[in-house]
Amino acid sequence: MPRTFIVKDPEQLRQHLSGIILLSNSEREALGFLTPAAYSDAIDQKRLRVMLSEDADGTVSLVGYIFHGGVYPHARVQQICVQPQWRKRKIASALMDSLVSDMERLGFSTIKAKVADNLPHAHSFYARHGFEEALSKPGGTARGRTIVIRVRNLDTPHLFSTPPTAISTGLPTFGAEPAFYTFDLNVLFDLVKNRDRHQAACSLFAAALDHRVRLGIAPEFIDELKRTSHDQNNDPVLQMALQLPRLPPPVDPDDLNRLSETVHQLVFVDRGAAGAGSKQARSDARHLAHSALSRVAGFITSDGAILAARDDLLERVGIDVAGLDELISLLPESTDGSPTTGRQGTGFECKTPTVQEATAYFKRSGVPDGIIAEVCGPVVGRPDGWRSAIWENGAIVAVAFSVPPVSTSGDERLLIAVDAGHLDRELYGEYLLDAAVKHACSSGPAAIRLVHVSGQPTVSAIAKTRGFVAAGAGSDLTKVAIGRPVTESNWDAVRNQARRKAGLTLPKKWPDFSDGERSVPITHGPTQSAALSPERFEDLFGPTLYLWPGREGVIVPIQRAYADELLGTNLQTRLAFIEDRDASFLERRAYVNTPRARRAMRPGLPILFYESSKKGGRSAIVAVGRIVDSIIVPKETTLKEAERRVVVDDLSDFSTTDDVLVTTFDNLMPFPTLVPLAALKAMGAEGTSNLISATPLAHNNLVAIIKAAWGQ
């Protein structure tokens with residue numbers, strides 16, 4: 001296939017002026033007439049850009065052009081035209097997105113186009129690209145047409161943009177100092193006495209020394225050590241504690257006394273704890289009360305009584321209590337952010353760029369220096385960022401760069417730039433965005449902030465279909481990603497992590513819909529709340545699956561060769577010259593089987609992929625997703641969009657009829673632990689066909705398989 005590229009340089013454009021005029025004249029009925037001088041002037045004024053193609057022998061040809069004008073801040077599309085042999089290959093869309101990208105970067109607020117009412121294909125094109133009908137007016141008397149004016153609002157901040165405070169995202173501020181936590185004596189003793197949680201305590205204090213979290217104590221901590229010390233001057237634990245940062249005394253000591261009584265009542269008295277009223281219990285209550293008054297990020301403990309009361313403490317006292325192991329799981333990694341491995345696509349290569357390569361591409365793409373420095377630059381206490389890039393013919397055409405927060409809370413900052421005029425810009429943008437999201441939530445729920453960069457309309461549009469939301473025009477897009485299926489058994493862990501890391505408050509009780517309300521109430525930030533259907537919950541916080549009571553699933557067989565590419569479950573390194581099909585780079589992919597399976601392949605069902613033992617398969621379930629839709633299509637006329645989302649060349653083996661069932665799925669999550677056939681048989685989940693065809697899966701077996709895969 002010839003290489004295509006967009007040219008805006010006047011010197012190069014003049015070489016194609018005659019071709020532009022010839023193409024325009026051939027479409028005069030639709031475009032109207034402009035003099036040759038008009039095109040020449042447009043080239044000189046940089047109001048015309050063309051798409052060119054280059055064959056293997058170096059021959060360069062005109063593919064199409066877009067002619068634009070307008071007066072700042074309102075741009076206008078005057079003509080857009082593509083050679084007949086290049087139509088239906090998204091050339092016009094690439095030209096339009098290239099123009100939108102530049103207009104956003106230059107600060108334009110709108111683009112308008114005048115379209116005659118008798119051009120239905122043109123109206124459809126502009127509607128798909130966000131141009132809405134604004135008004136109509138009579139055209140010239142010679143043709144008797146009506147001219148429809150269409151307008152697209154650009155994603156550019158301006159005077160009348162919605163203020164960011166109008167829609168609260170609730171996400172913690174990126175780049176803030178590491179969160180400050182207090183801890184009790186149990187944690188210190190875990191460190192110095194080599195107890196069961198010694199390694200976790202070592203990790204916590206190592207993170208503090210690495211500036212990824214700040215640790216301190218309440219004065220009561222020292223007082224308690226002094227009361228139990230036999231020789232204060234020669235007590236190494238006490239002397240160590242004296243070097244730790246301490247909370248300042250409360251402004252009003254009476255506030256501390258009153259709150260201490262409240263904490264003691266909640267933790268010990270109301271629960272009938274054996275130690276209620278003891279010196280130890282009142283000391284623990286004072287630790288907690290002082291921490292709450294000081295508005296610390298949380299209190300770390302291994303005390304069972306305190307942990308059991310943490311929901312009440314958070315609701316009534318305003319202090320978040322975390323176990324030592326829980327806090328460790330929230331810490332950002334101190335090593336490099338798992339760079340991507342190389343992958344070969346059709347005509348492109350995906351691999352990890354250096355920071356310098358990523359930075360250089362962002363600069364060429366017009367990303368402001370301040371944003372580049374904030375995302376790509378070194379920050380004390382913050383690990384190196386995850387990054388991925390797409391190469392074509394030795395040159396980068398798309399880059400993603402994300403960095404974790406410096407603390408236990410905060411958002412992962414993500415920056416993506418894609419060549420706005422590239423024919424595969426949507427494929428590259430989708431792959432990089434989804435790969436970054438899955439990386440961010442690989443160890444638990446994560447808040448992600450996609451940095452707004454003017455001139456990246458494709459990336460913004462894709463992000464909004466993935467649950468990213470904006471506070472207003474020209475603002476960053478934010479999302480919470482859970483990254484794993486949600487069941488009753490892991491509900492507490494998921495909601496605690498989601499609250500601490502992403503500011504997302506989920507109900508204390510597992511919503512099982514037994515009350516007839518099939519919705520999940522959530523609170524995001526101080527003011528934003530909603531009741532979401534479980535399906536919408538999955539859309540917003542994916543990748544995830546919500547396994548509410550009674551939800552069924554389906555198991556489908558897949559050979560290893562297809563699973564490796566379609567599901568990304570291969571464990572061995574692929575040879576560099578093997579090309580993956582587009583399906584393996586898309587978020588929505590498709591599975592092909594016989595139309596006889598249509599009853600089992602219902603939209604909304606979790607779909608579990610069983611890798612059969614054929615050709616080196618592992619006889620285990622390897623991944624799960626969610627069915628979006630299932631359609632029956634003739635083998636000979638399979639829809640192009642469906643063909644793009646599968647990884648097979650020949651559909652004849654998938655059905656004995658002339659049709660096949662194409663099932664599209666999303667929310668794909670590879671299993672961290674494979675669930676083998678023996679385990680499936682033990683729970684009676686293999687069905688009557690022994691998993692050689694689509695097998696319905698009862699709710700209890702679905703949950704059991706998911707729990708086994710994620711170690712719940």
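Colleague: Which residues of β16 are buried on one side, and which on the other?
Modeller: This is a predicted model, in which local features need pLDDT of at least 70, side-chain atom pairs count only at pLDDT 80 or more, and totals for chains, interfaces and linings use all residues. Residues are numbered from 1 along each chain as its sequence is written, and side-chain values use heavy atoms, with hydrogens and water left out. Strand β16 spans residues 411–418, and eight of its eight residues are buried (under 20% relative accessible area; exposed is over 50% and partly exposed lies in between; 1.4 Å probe, protein chains only). One side carries Asp411, Arg413, Leu415 and Ala417, and the other carries Glu412, Leu414, Ile416 and Val418.

Colleague: Which residue of β17 is the bridge partner of leucine 414?
Modeller: Strands are DSSP runs of E with at least two residues, helices are runs of H or I with at least four, and both are numbered from the N terminus. Two strands pair if DSSP finds at least two bridges between them; β16 and β17 (446–450) have four and pair in the parallel sense. Leucine 414 is bridged there to leucine 450.

Colleague: Which residue in β16 is the bridge partner of valine 403?
Modeller: Strand β15 covers residues 395–403 and runs antiparallel to β16, with six bridges joining them. The partner of valine 403 in β16 is arginine 413.

Colleague: What is the strand order of the open sheet of seven strands?
Modeller: The pairing in this sheet is mixed. Its edge strands, each paired on one side only, are β1 (3–7) and β6 (132–138). β6 runs antiparallel to β7 (146–153), joined to it by six bridges, and leucine 135 stands opposite isoleucine 149 in β7. Read across, the order is β1-β2-β3-β4-β5-β7-β6.

Colleague: At about what angle does helix α2 run to β3?
Modeller: Helix α2 (17–26) lies across β2 (48–54), β3 (60–71) and β4 (74–82). Axes are lines fitted to C-alpha atoms, for helices over the stretch in contact, and angles run from 0 to 180 degrees between N-to-C directions. The angle between α2 and β3 comes to about 80°.

Colleague: Why is one side of β9 and of β11 left without a neighbour in the sheet?
Modeller: The open sheet of four strands is parallel and has the order β9-β8-β10-β11. In that sheet, three bridges link β10 (298–301) to β11, with phenylalanine 299 opposite valine 321. One side of β9 (214–216) and of β11 (321–323) is left free because they stand at the edges, each with a single partner strand.

Colleague: Which residues in α7 are buried?
Modeller: Helix α7 (185–192) is mostly covered, with six of its eight residues buried. The covering elements include β8 (180–183), α8 (198–209), α9 (219–228), α10 (236–241), β10 and α15 (324–330). The buried residues of α7 are Leu185, Val187, Leu188, Phe189, Asp190 and Leu191.

Colleague: Are α9 and α12 roughly parallel or roughly antiparallel to each other?
Modeller: The axes of α9 and α12 come within 8 Å and cross at roughly 155°. Angles under 35 degrees count as roughly parallel, over 145 as roughly antiparallel, 65 to 115 as roughly perpendicular and the rest as oblique. The two helices are therefore roughly antiparallel.

Colleague: Which residues of α9 and of α12 make the contact?
Modeller: Contact means heavy atoms within 4.5 Å. The buried residues of α9 are Glu220, Phe221, Ile222, Glu224 and Leu225, and they pack against β8, α7, α10 and α12. On the α9 side the contact is made by Pro219, Glu220, Phe221, Glu224 and Arg227, and on the α12 side by Gln280, Ser283, Asp284, Arg286, His287 and His290.

Colleague: At roughly what angle do the axes of helix α11 and helix α12 cross?
Modeller: Helix α11 covers residues 253–269 and helix α12 residues 279–293, and their axes come within 8 Å. The two are oblique to each other. Their axes cross at roughly 120°.

Colleague: What percentage of the residues of the protein count as buried?
Modeller: The secondary structure comes to 25 helices and 29 strands. Of the contacts with a separation of 6 or more, 69% are between residues 24 or more positions apart. Of the 712 residues, the buried share is 53%.
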